[in-house]
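Work through the exercises below with the coordinates open. Each one has a task sentence and a stepwise solution.

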Amino acid sequence: MQDQSQDIEFFKFQYEDTDMNRQEFTNAMTVKSKQNGLELINFDGHRVNEGESNVEIYVGLEFDSAEDAQEFYSLYAAHLGFRIRVGQLYRSRTDGSVISRRFVCSKEGFQTNARTGCPAFVRVQKNDNERWAIANIHTEHNHELELPGQICPPQTQRKPLPATRAEPVSTRTGIRSHEWDNPPNVIDLKRHKREEAEGESTVGFSGDPYKGLEFGSADEAYRFYHSYAANVGFRVRIGQLFRSKNDGSITSRRFVCSKEGHQHPSRVGCSAFMRIQRQETGLWVVDRLLLEHNHELSFPTEATKKRSGASKVCKEEVMGELENLDLVETNGGFSLVKRGRESNIGSDWYGVLLEYFQSRQAEDLGFFYAIEADEGKCMNVFWADGRSRFSCSQFGDTVFFDTTYRRFSYTVPFASFVGVNHHRQPVLMGCALIADESEESFTWVFQSWLKAMAGRYPLSIIADQDKAIQHSIANVFPGTHHRFSASQIMVKEQENLGALLSMDNEFRYEYETCVSQCQTGNEFDSAWNRLVTKYNLRENIWLKEMYRMRKSWVPLYLRGTFFAGILVDGSMKPYFGTLLTAQTPLNEFLLRYEKGLEQRREEERKEDFNSFNIQVALHTKDPIEEQCRRLYTITMFKVFQKELLECYGYVGIKLNMEGVISRFMVQKCGNGDERSTVAVNASNLNISCSCRMFECEGILCRHALKVFQIMNVRELPSRYILHRWTKNAKYGILRDTDSGGGQDYKALMLWSLREEAGSYIEAGVTSLEKYKLAFEIIQEGRRTLSWPS
């Protein structure tokens, strides 16, 4: 970099007065780049003092280099009151050069107790003119900032990465790897590569691996297997790791041949591997081993030369090995995951699925499918048939994104979009195969679903709480309420609070009461604070994060959102049950998929038939009960009927009246603690209850029905009988669509008429008399539609 200062770009600077009445004004600032760092200069040439400014950076701000951007963000952070770390980098798939970098708040992630999972970051990207521009920004922090001026921005090292470092640091994950104090379960790739490149690598073992072979650490085992591979003539990759369910520590590691799997054309599914298991003594022992390869091996000298040459040519890449790994939170803890996108879907799946999709599309004009291509490689897959798309037009207000496969070892990463129909049965709204668990993959899948469903956003979605899924939902479904999967929360509770929940009944009671019984935000906050203080859990990282995300899982904060009656403390069962699982092999997958789909849809047809042909007995003389029996499906009428019968055990007391608005307190007879407040507008019969049942389930609660009884209301307003719960819900959005929008719904109309025609034909062939009647009706319909003979 030249000594002479160079203007990089302009940004906004905002001065905040420390008085109670803060004055805000905006001055244009210039960022000056010097050899020793960056400095903020006013238009009048005066340097901005530390502690006075809150710099507002923006997308598009350019720099000469990534180091300039890092130094600028460090200076920005110091002025605002936080520290930064270097996050992930992205490399070009053509020449391996760095094309994007991410700088994050030092409290990003959860790897240490000091970190809070802060989402603040800046990502810069190299553009065509070799300059670096800010591509993404997130400025909000989830922790308190230090006072401006108390942090000194560090000097950024601008030299190339050195060959040796006393303290190698993974700028990707923030993991420090001291050569003299390496944890026994950590594999120091950077140190190993450096020693190999400089000819200093030493291994305390020689010969072939065998079951029972012991090592002092996982790193020692990796070095041994790496040396063995070099002598035999193959290369090694780090495979799966397994963690303890008790404390999350690594208990087992697996090292595999570099040609394991089928995610890349160079891989041939080689099964050779060595697995080590941690013993109670702290030693690591080889417990599983397979030495046979299914491919030709290189000459030992050739394999060694290739690695040595690569180390000299790509020095930066060798030293940055860990920079190509992400420390990500998964359902099993934290894992190091390769940054380069590789599909977890077997390569043989794509051809079979594509052939199936094309054949289905020829039969079903409403069939939709999409396959993501990344650098010529197939990745994620999504599909939905016409029936699923039509179901979304009826019942797409609430969606459950089922990724149960992620909790177990899997053959196929199968996920499904499931809704709730008018019988409260699960209804399929699309399927996907997830190539990897990155934000990019989930975003593509959600966007594909949205495209297939004509851009109809759900009111709510139930899905896992992993960061990648959270961010994808926020980006693709803005305004949709994301509720965490109850089953995943229960698993997390056992992982993080298992000992307390199982051994301390008092804690369990207080915790469950706090979560499920609080009625107001203040009540919840007070109960939560008492809980974490009493049991010394204020520094529990998981509880901190769950409190921050309380609006996505605590029942109190979910009451005002429609979830179609899916219980807050329970999740839907998998749509395909045990018929289709994450272990289903390819040769059975499509057959089981079709069978499970037909079983579920047959169950829906039976309920449709029953609702039109069976009448449930009435239990009161209230005309509202008869009205709802006529409109609701059997299942939903029984839900309403229960609320109606329960309201007879409640008493309503009028509290006050303001104009046409009356307020009642409705409480259970003999139990003054069970009460709700109901407000009703006498002029238009608009009614609302503090229990929020109608907003959450779409059925009027016992408290509102009691007030209607008091007011002698004989018929419910139509707005309180949701069309999605009625017998005629199958018409969905088409019922109220004018002729101008018919073309947009052609596929939906086609499926709807086909479904009705199929039922019509089945009924018409049951006897000769019915056939004649059915044929006459068709003839009459033909004349009405001007249908040519």
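The exercises that follow concern salt bridges and burial in a predicted model.

**Exercise 1.** Find how many salt bridges the protein has, and what share of its residues is buried.

Solution.
- The count comes to 31 salt bridges.
- Of the 789 residues, 46% count as buried.

**Exercise 2.** Locate the partners of the salt bridge between Arg85 and Glu108, and classify each as buried, partly exposed or exposed.

Solution.
- The closest N and O atoms of Arg85 and Glu108 are 2.7 Å apart.
- Arg85 belongs to strand S6 (residues 84-91), while Glu108 sits in the loop between strand S7 (98-105) and strand S8 (121-126). The two residues are 23 apart.
- Buried means under 20% relative accessible area. Arg85, with 13%, is therefore buried.
- Glu108 has 28% relative accessibility and so counts as partly exposed.

**Exercise 3.** Determine which parts of the chain are tied together by the pair Arg601 and Asp385.

Solution.
- In this salt bridge, the closest N and O atoms are 2.9 Å apart.
- Arg601 lies in helix H15 (residues 586-613), and Asp385 in the loop between strand S18 (377-384) and helix H7 (386-395), so the bridge ties together parts that are 216 residues apart in sequence.
- Both partners are buried: Arg601 at 12% relative accessibility, Asp385 at 2%.
- Arg601 and Asp385 also belong to a network of salt bridges that links them with Arg360, Glu363, Asp364 and Glu594.

**Exercise 4.** State where Glu545 and Arg548 lie and how many residues apart they are.

Solution.
- Both are in helix H13 (residues 541-548), three residues apart, about one turn of the helix.
- Their closest N and O atoms are 2.9 Å apart, and the pair forms a salt bridge.
- Glu545 is buried at 8% relative accessible area, whereas Arg548 is partly exposed at 34%.

Definitions and conventions: Residues are numbered from 1 along each chain as its sequence is written. This is a predicted model: local features need pLDDT of at least 70, side-chain atom pairs count only at pLDDT 80 or more; totals for chains, interfaces and linings use all residues. Side-chain values use heavy atoms; hydrogens and water are left out. Buried means under 20% relative accessible area, exposed over 50%, partly exposed in between (1.4 Å probe, protein chains only). A salt bridge is a side-chain nitrogen of Lys or Arg within 4 Å of a carboxyl oxygen of Asp or Glu. Helices (H or I, at least four residues) and strands (E, at least two) are DSSP runs, numbered from the N terminus.
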